[in-house]
Amino acid sequence: MPSSIQTLADLIPEIRALGDREAVRWIRRSGVTSITYKDLWGRIGAIVQYLEQKQVRRGDRIMLRGSNRPEWVATFWACVAKGIQIVPIDPGFSEDFAHRIRTESGVS
């Protein structure tokens, strides 16, 4: 990895460069599954396009609520790539608590 990394956004090119190496591994009912950095890169790109369609822009703040899955990871990195601020919350939080976080953090 380059020594000039200062922010998470500086890691974006590294994700693409790692190609067929394993990026994310998770346990499903059917067993252990994984995706490569190449797969992750494609998912990040798809989510960037989705965010653009929804007109989510640099500096906007969104709440990211979900299980530890590749989709969560790809959404996180898509937000980093777009300069979108992320407020991650646990999927187990109650709706009332999630609403309070949403309100107090100023997410769009």
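Read along the sequence, the chain runs α-β-β-α-β-α-β-α, which amounts to four helices and four strands. Helices here are DSSP runs of H or I with at least four residues, strands are runs of E with at least two, and both are numbered from the N terminus. The structure is a predicted model, in which local features need pLDDT of at least 70, side-chain atom pairs count only at pLDDT 80 or more, and totals for chains, interfaces and linings use all residues. Residues are numbered from 1 along each chain as its sequence is written, and side-chain values use heavy atoms, with hydrogens and water left out.

**Overall dimensions and surface**

The C-alpha trace spans about 40 × 35 × 30 Å along its principal axes. Of the 108 residues in the chain, 29% are buried; buried denotes a relative accessible area under 20%, exposed over 50%, and partly exposed the range in between, with a 1.4 Å probe and protein chains only. The chain exposes about 7,400 Å², of which carbon and sulfur atoms supply 49%. These areas come from the Shrake-Rupley method with a 1.4 Å probe, and for residues only the protein chains shown count as cover.

Among contacts (heavy atoms within 4.5 Å) with a separation of 6 or more, 57% link residues 24 or more positions apart. The chain carries 16 positive and 12 negative side chains, and the centres of the two sets lie 3 Å apart. Lys and Arg count as positive and Asp and Glu as negative, while His and the chain ends are not counted. Each charge is placed at NZ of Lys, CZ of Arg, CG of Asp or CD of Glu.

**The hairpin**

Strand 1 (residues 22-28) pairs with strand 2 (residues 31-36) in the antiparallel sense over six bridges; pairing requires at least two DSSP bridges between the strands. A hairpin of two residues joins strand 1 to strand 2. Within this pair, W26 stands opposite T33 in strand 2.

**Nonpolar cores**

A nonpolar core is a set of buried Ala, Val, Leu, Ile, Met, Phe, Trp, Tyr and Cys residues joined through side-chain atoms within 4.5 Å. The largest such core has 19 residues, of which I15, L40, I44, L51, W77, A78 and I84 touch the most other members. Helix 1 (12-17), strand 1, helix 2 (37-53) and helix 3 (70-82) each give two or more residues to this core. A second, separate core of six residues includes M63, I89, I101 and V107. In soluble globular proteins, nonpolar side chains tend to be buried together.

Leaving aside neighbours within four places in sequence, L40 is in contact with I15, A23, I35, P70, V73 and A74. On the same basis, W41 is in contact with I12, I15 and R16. The C-alpha atoms of W41 and A23, 18 residues apart along the chain, are separated by 9.8 Å.

**Residues with solvent access**

| Residue | Location | Relative accessible area and class |
|---|---|---|
| I27 | strand 1 | 72%, exposed |
| W41 | helix 2 | 30%, partly exposed |
| Q55 | loop between helix 2 and strand 3 (61-65) | 54%, exposed |

I27 and G106 are 79 residues apart in sequence and 33 Å apart in space, C-alpha to C-alpha. Q55 has a phi near 60 degrees, a positive value in a residue other than glycine. Most residues other than glycine have a negative phi.
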